[in-house]
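Here are some exercises to work through with the viewer open. Try each task yourself before you read the solution below it.

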Amino acid sequence: MTGSARDHAIGRRLPLIDGPEKVTGAARYTADIAAPDALVGRILRSPHAHAEIVEVDVAAARALPGVAAVVTGADCDQTYGVLPIAMNEYPLARGRVRYRGEPVAAVAAVDAATAERAIGLIRFTARELPAYFSADAARAPGATPLHAGSPNNIQREVHHEFGDVTAGFAAAKLVREATYRCAEVTHAHIEPHAALARWDGERGQLTLWTVSQVPYYVHLMLARCLGVAESRIRVVKPFVGGGFGARTETLNFELVAALLARAANGAVKVELSREETALTHRGRPETEVRLKLGMAENGRVTAAACEVVQRGGAYAGYGIVTVLYAGALLHAIYDIAAVRYDGYRVYTNTPPCGAMRGHGTVNVRHAFECLMDEMAEALGLDPFAVRRANLLAAPCTTPNGAIVNSCGLAECLDRVERASAWRERRRQPAPGRGLGMACSHYVSGAAKPVHWTGEPHAVVNLKLDFDGSVTLLTGAADIGQGSSTVLAQVAAEVLGIAVERIRVIANDSAVTPKDNGSYSSRVTFMVGNAALDAAQKLRRRLIEAAARLLDADPAIVECGDEVFRVPGGQHEGLAFDAVVRAALGEAGPITTSGSFTVPVAYQGGKQRGGAVGATMGYSYAAQVVEVAVDQETGAIAVERVWVAHDCGRALNPLSVEGQVQGSVWMGMGQALSEETRYEDGLPLAANLLDYRVPTIQESPPIDVQIVESVDPNGPFGAKEAGEGSLAGFMPALANAVADAIGVRFLELPITPDKVLEALAKRRRELRLAAARGAA
């Protein structure tokens, strides 16, 4: 990375600071960590989707030479989970298994062959129970409850109403209702799951290296499940090969590795296969969205009523949050006075769902933008005009209590409309080709942390030492999104130094301050503000030292380009290193700590669950998608995408563009091809051959336009950039397909077989209509 200290750190297209390690292969991921003495861990998984455990006989496995430890559900009687109010999963099943692939027992052995042989020697006996693979089946009268206290297998139901919905529909020129179905999808991160646990029996201490996005939450669950004081645990996050939400909660293999290490009194490495990684899951749930909208003659939405049913899988996980997000994010994008939401999160005998990029909002936003488009067509209105008729006027407070301080959606619409030549091209359609558009938004971090400890929501420490280097210590997990780079840029901008002078150390609980983790796009906004606070404190210390040397009032001393000077003064200024020596002269190295906590006013409405969906800054995006539909094969080719994203201020435009492109690309997978499928609970696409993510062959040119609304609360005005564009792609594509072939699809993904079936149905209907006309 190159660049001079005279450049501003903020707003520069800087390559990510960990880029060299990644592109040269020097980066070490969890599975790469050298541990020659580590035993090999393997997990026995349930072949049943739902069954009572009769016996787990491990005697033969324990007796096998080379086996150091065997653990079962009997070795841990503590549940775990990401939400304190919804912990109902065990590291290894106890009493009952609830999905095929659930961990039942685990072994640690001297090598993989011995571990596999030991797994084969375990005798697992179970009594099968009725299993339910759809939300409807699980909710049917007489269905066996998967968990006590969950009648009809409903984990959580939500009912919110704001404004007079009935009056809103009565006032509408047009009322339409449709039901949309979105398949379950998973993250497909390139790095499979892995963990390395080392137990120090002499000291009773555990060190865990893992792939997590939330090392702090893993720390808490390790202490809970092992019955060990938090002070005796160390969690380290090495490089991570993608997360996308899959790793935003503690996962069973992490706890299993720790249990095995303690049982073996040594080190154990657990590396999951691609299939096991898919079984661990935590993807976006299969969702049915029943949506009703009222629209005035000018395109303004007068009321919305939305019912959502999510197939959540076997355990709670993030389920409560997901179903609340789905309703909360009906708000804060358009100015709608009357909204009713009914949400149901349902337990099923499938792998547990969880958080995935765009958590909670994606499927509902798809339905909303598709139905808006259909209604615009019915009223003879341009889709852009309909969105403009419903724009928020920031600053404002939404009916559900969300506070919106900045909104660049109007400019986003202008940008993609111009860039795509929307008006000209819609007037001259080409056969089989179509344009579609949609809007989306997302939070810049959840306003309330998952665990309410009373501590700041984010903390960053800066250490200045004798060599003039600044070390930034953060618990925030860089999982490829570039958060460490952004934090270094924020600190460098405040201190007036080159980014190259800053070294970032992240995610080692023995060294770095606690951070809640990388989820809900919180790091840039929250941890960025903490870095800003720490840098301002360090800057004050340095300015005080410079003022003494310059014999000047600290209030008039400026720092920039690594020089401290008095504007208009006779002194040419002091070099940064000289001021550092003076500042360190009295007490040695300086450490400053910065923190950030979301003010109570931004922590959500008073309704139950109102904290979910609340944030200090919402991002906004608009996009246009161009498709070509082959009516002979049903194949949909995405020709080009234009997307404008309001990120407040682009601290690093290069990183913002990459994040937006990644969001669009993941949306494309969900729209066209991705789907987890099960046969009697057995996953049918638990690999990257059958689970069809887009490849470079399918990837279109993506024209990214950055819109900067400059949020008053974000660090230097920044908001999130990594999730908000995803939810707009699927409806934009569906609307483009409708423009191309005149058929609207209510299910995702829109695969070639569905296209051919829809075209054949339309031809039959046209022939029937023609026959009736002739008669």
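## Exercise 1: a covered strand

Start with one facing pair: Leu-44 stands opposite Ala-105 in β5. Strands here are DSSP runs of E with at least two residues, helices are runs of H or I with at least four, and both are numbered from the N terminus.

**Task.** Which strands do bridges join to β5, and in what sense do they run?

**Solution.** Before the steps, a word on the ground rules: this is a predicted model, where local features need pLDDT of at least 70 and side-chain atom pairs count only at pLDDT 80 or more, while totals for chains, interfaces and linings use all residues. Residues are numbered from 1 along each chain as its sequence is written, and side-chain values use heavy atoms, with hydrogens and water left out.

- Step 1. Strand β1 (residues 39-45) is joined to β5 by six bridges, and the two run antiparallel. Two strands count as paired if DSSP finds at least two bridges between them.
- Step 2. Strand β3 (residues 67-72) is also antiparallel to β5, with five bridges. There, Val-70 faces Val-107 of β5.
- Step 3. Now check the cover on β5 (residues 103-109): seven of its seven residues are buried. Buried means under 20% relative accessible area, exposed over 50%, and partly exposed in between (1.4 Å probe, protein chains only).

## Exercise 2: a sheet with two helices on it

**Task.** Work out the strand order of the open four-stranded sheet that contains β19, and find which helices pack on that sheet.

**Solution.**

- Step 1. The order is β21-β20-β19-β25, with mixed pairing.
- Step 2. β21 (502-506) and β25 (590-596) are the edge strands; each has a single partner, so one side of each has no neighbour in the sheet.
- Step 3. From one strand to the next, the twist averages 20°. Axes are lines fitted to C-alpha atoms, for helices over the stretch in contact, and angles run from 0 to 180 degrees between N-to-C directions.
- Step 4. Zoom in on β19 (residues 458-464) and β20 (residues 470-474): five bridges pair them in the antiparallel sense. Leu-462 sits opposite Leu-472 in β20.
- Step 5. Helix α14 (residues 483-495) packs on the sheet and touches β19, β20 and β21, its direction making about 140° with that of β21. Touching means contact, that is, heavy atoms within 4.5 Å.
- Step 6. Helix α15 (residues 523-550) packs on the sheet too, touching β19, β20 and β25, at about 145° to the direction of β25.

## Exercise 3: cysteines without a bond

**Task.** How many disulfides does the structure hold, and why is Cys-407 not bonded to Cys-396?

**Solution.**

- Step 1. The count is zero disulfides, taking a disulfide as a pair of cysteine sulfur atoms within 2.5 Å.
- Step 2. Cys-225 is in no disulfide, and the nearest cysteine sulfur, in Cys-76, is 4.2 Å away. Cys-225 is buried, at 5% relative accessibility.
- Step 3. For Cys-407, the closest cysteine sulfur is that of Cys-396, and 7.7 Å is too far for a bond. Cys-407 is partly exposed, with 22% relative accessible area.

## Exercise 4: Thr-186 and an unusual loop

**Task.** What does the side chain of Thr-186 make a polar contact with, and where is phi positive in the loop between α8 and β13?

**Solution.**

- Step 1. Place Thr-186 in the loop between β8 (174-182) and β9 (194-200); at 12% relative accessibility, Thr-186 is buried.
- Step 2. Its polar partner is the side chain of His-281, at 3.2 Å. A polar contact is a pair of N or O atoms within 3.5 Å; within protein, one must be able to donate a hydrogen and the other to accept it, and residues adjacent in sequence count only if both atoms are side-chain atoms.
- Step 3. His-281 belongs to the loop between α8 (274-280) and β13 (286-295). Phi of His-281 is near 60°, positive in a residue other than glycine, and His-281 is buried at 2% relative accessibility.
- Step 4. Arg-282 is in the loop between α8 and β13 as well. Arg-282 has a positive phi of about 75° without being a glycine, and with a relative accessible area of 0% Arg-282 is buried.
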